[in-house]
Amino acid sequence: MKIMVLNGSPKGDRSDCMHMTRAFLAGMDSVAGQEVHTLHVIDRHIEYCKGCLSCMRNGGNCVIEDDMKDILEEILGSDLLVFSFPLYGFAMPAPLKALLDRTLPLGKMDMRKVGERYEHVEQADFSHLRYVMICGCGFPNAKGNFEGVLQQWRLMFGPDALAITVPEAPMFNAPEAAGVTGPFLELVTQAGREYAQSGAVTPETMEKLSVPMIPDETYAAIVNGGASGA
Ligand SMILES: Cc1cc2nc3c(=O)[nH]c(=O)nc-3n(C[C@H](O)[C@H](O)[C@H](O)COP(=O)(O)O)c2cc1C
C-alpha cells in the first residue's frame with residue numbers, strides 16, 4: 001500500500017506525534033510491507049488559498065504556482081493519507097490547514113445532496129483514498145480539547161475515518177518517561193496491525209488508547225515542576 005504521511009508538526013522529525021505515527025506504521029508494516037513517504041508540510045512551499053474558486057471552474061487548475069501541484073499528484077497516487085499533527089488551539093496547525101484548503105481543485109463547483117448535507121462533485125478520482133489522523137496534544141485532558149478537530153475530521157473524511165487522539169504527547173520525547181510511553185506506543189503499533197488487517201481498529205484497542213499514560217494531576221504536577229516519576 002502507498003502511504004503518504006502529512007506531518008503537520010513544525011518540528012519535523014522531532015515531532016512528539018511522529019513517535020505515534022512511526023509506531024502505527026510499524027504495526028501496519030508487520031502485516032504487509034508498506035511504501036511510506038513522509039511529507040514534512042513545514043518544509044514545502046504552500047501558499048494560502050486565494051479563494052478565487054477558479055480551480056473549481058476550470059478543471060482543477062490552481063492559479064498559484066507552488067509545491068501543491070506535485071503534492072496533489074502524490075495524494076492522488078496514494079492509497080492512504082496519514083495526517084500526523086499536534087493540536088494547536090483546539091485545531092490543526094495552520095500549515096497543514098493551508099494544505100487541506102488547497103485540495104479544493106479536487107472538487108468542482110457542482111454540488112449534490114448526500115443525506116442531509118451537500119458536498120461538491122469530484123473532478124479528480126480520490127474514491128480509493130483512506131484517511132487516518134494521529135493527533136497529540138500538550139494538556140492531559142482529551143475532553144474539552146479534541147472535540148473541534150474531531151468534528152472537522154468527520155465532516156471532511158466521514159464518520160469511519162480512523163482518528164487517534166492522545167493527550168500528554170510531549171512525554172513521547174522525554175526519555176525519562178519511556179516506562180509509560182513504551183507500552184503506550186506498543187498499543188499504537190497494535191492499532192496499526194489491526195488497521196492493516198481489517199481497515200479498522202478494534203473497540204478494545206481504541207478503549208485502551210483512550211486511557212491517559214499517567215493521571216492528569218501527576219502530569220500537570222510534572223509540567224509545573226512539582227513532581228517527578230513519569
Ligand atoms: C501554538 C500552539 C498551540 C497549542 N494548542 C494546544 C491546545 O489547544 N491543546 C493542547 O492540549 N495542547 C496544545 N499545544 C501543545 C501541543 O499540542 C503539544 O506540545 C504537542 O505534543 C506537540 O506535538 P509535536 O511535537 O508533534 O509538534 C499547543 C502548542 C502550540 C505550540
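**Ligand shell, sheet and helix packing**

Let me begin with the ligand, whose surrounding shell, sorted by class, is made up of 9 nonpolar, 6 polar and 2 charged residues. Please keep in mind throughout that this is a predicted model. The ligand has 17 residues around it, and those that come nearest are Ser-9, Ser-15, Pro-86, Cys-137 and Gly-138.

Turning now to the sheet, we have 5 strands in an open arrangement, ordered E2-E1-E3-E6-E7, with parallel pairing. At the edges lie strand E2, residues 35–40, and strand E7, residues 162–166, each of which pairs on one side only. Leaving direction aside, neighbouring strands of this sheet are turned against each other by 15° on average. If we look at one pair in detail, strand E6, residues 130–136, runs parallel to E7 and is joined to it by 5 bridges, and within that pair Met-133 has Ala-163 in E7 as its bridge partner.

Helix H1, residues 16–31, packs on this sheet, where it touches strand E1 (2–7), E2, strand E3 (80–86), E6 and E7, and the direction of H1 makes about 140° with that of E6.

H1 also meets another helix, H6, which spans residues 178–198, and the axes of the two come within 7 Å and cross at roughly 45°. How, then, are H1 and H6 oriented to each other? With that crossing angle, the two helices are therefore oblique to each other, and their crossing is right-handed. On the H1 side the contact includes His-19, Met-20, Phe-24 and Met-28, while on the H6 side the residues include Leu-185, Val-188, Arg-193 and Tyr-195. Sorted by class, the contact of H1 with H6 has 12 nonpolar, 7 polar and 1 charged residues.

Notes
Residues are numbered from 1 along each chain as its sequence is written. This is a predicted model: local features need pLDDT of at least 70, side-chain atom pairs count only at pLDDT 80 or more; totals for chains, interfaces and linings use all residues. Two strands pair if DSSP finds at least two bridges between them. Helices (H or I, at least four residues) and strands (E, at least two) are DSSP runs, numbered from the N terminus. Axes are lines fitted to C-alpha atoms, for helices over the stretch in contact, and angles run from 0 to 180 degrees between N-to-C directions. Two residues are in contact if their C-beta atoms, placed from the backbone, lie within 7 Å. A residue is near a molecule or strand if its C-beta atom, placed from the backbone, lies within 6 Å of it. Ala, Val, Leu, Ile, Met, Phe, Trp, Tyr, Cys and Pro count as nonpolar, Asp, Glu, Lys and Arg as charged, and the others, Gly among them, as polar. Angles under 35 degrees count as roughly parallel, over 145 as roughly antiparallel, 65 to 115 as roughly perpendicular and the rest as oblique. A crossing is left-handed if the near helix is turned anticlockwise from the far one by less than a right angle, and right-handed if clockwise.
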